[in-house]
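Biologist: I would like to learn how to read the packing and the backbone of a model like this one. Could we take the features one at a time?

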Amino acid sequence: MGQEKTGREQIINEYHLSVEPLLRFIPWLEQHAGEMGRVMYGEQGISENSLSFPVYDPTLMQFIKEAGQSSLMDRNYAYVYSRNHLKSHEDERALIKKADWKTWHHLKGILSWYVLGGRVKAALWSEGVKACVYLLILMRMRDVAEALENQMAMEQL
């Protein structure tokens, strides 16, 4: 029971330190759900010898920066995908939906897949917006932390 309580307290602390600052991005993520979060510079009126490149939304880049510097990043995110046989966005959404405080690391792993993986394959950053993964993870983390806080408050009564 002592380790369980410590684990729950760690999640609540991580929520307050790392997740709460990211919650301010929820309105933007809701507004841009299903969109790419980037535009291709040079698609209109550029000569055929020029190269077009993506220009990411500044709000998305701020979210990526803050999430990437938080304690939510798990460098072993690939294990979450291999152990849970995640192959599609539907698989990710199902795992996010059933996550609780005991599987908090699953949420961190999926978030890390998009944020850290985007450093190698930048298309992942916009894919996280389009597939609503960032939004779902933040909302689930908020719900789990609030439920934990309520549960711990009831135990103290």
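Biologist: How many residues does the largest nonpolar core have, and which have the most contacts inside it?

Modeller: In soluble globular proteins, nonpolar side chains tend to be buried together. In this predicted model, the largest nonpolar core has 46 residues, and I110 and Y134 are those with the most contacts inside it. At least two residues of this core come from each of α1, α2, α3, α4, α5, α6, α7 and α8, and the largest share, ten residues, is supplied by α8.

Biologist: With which residues is Y134 in contact, leaving aside its neighbours within four places in sequence?

Modeller: Among them are L29, L60, F63 and I64, together with L111, Y114, V115 and W125.

Biologist: How are α6 and α8 oriented to each other?

Modeller: Their axes come within 10 Å and cross at roughly 155 degrees; angles over 145 degrees count as roughly antiparallel, and α6 and α8 are therefore roughly antiparallel to each other. The crossing in which α6 passes α8 is left-handed. Residues making the contact include I110, L111 and Y114 of α6, and Y134, I137 and V144 of α8, and by class the contact has eleven nonpolar, no polar and two charged residues.

Biologist: Which residue in the loop between α4 and α5 has a positive phi?

Modeller: Most residues other than glycine have a negative phi. H85, found in the loop between α4 and α5, has a positive phi near 55 degrees, and at 58% relative accessibility H85 counts as exposed. C132 also has a positive phi, near 65 degrees; C132 is found in the loop between α7 and α8 and is partly exposed, with a relative accessible area of 21%.

Methods
Residues are numbered from 1 along each chain as its sequence is written. This is a predicted model: local features need pLDDT of at least 70, side-chain atom pairs count only at pLDDT 80 or more; totals for chains, interfaces and linings use all residues. Side-chain values use heavy atoms; hydrogens and water are left out. A nonpolar core is a set of buried Ala, Val, Leu, Ile, Met, Phe, Trp, Tyr and Cys residues joined through side-chain atoms within 4.5 Å. Buried means under 20% relative accessible area, exposed over 50%, partly exposed in between (1.4 Å probe, protein chains only). Helices (H or I, at least four residues) and strands (E, at least two) are DSSP runs, numbered from the N terminus. Contact means heavy atoms within 4.5 Å. Axes are lines fitted to C-alpha atoms, for helices over the stretch in contact, and angles run from 0 to 180 degrees between N-to-C directions. Angles under 35 degrees count as roughly parallel, over 145 as roughly antiparallel, 65 to 115 as roughly perpendicular and the rest as oblique. A crossing is left-handed if the near helix is turned anticlockwise from the far one by less than a right angle, and right-handed if clockwise. Ala, Val, Leu, Ile, Met, Phe, Trp, Tyr, Cys and Pro count as nonpolar, Asp, Glu, Lys and Arg as charged, and the others, Gly among them, as polar.
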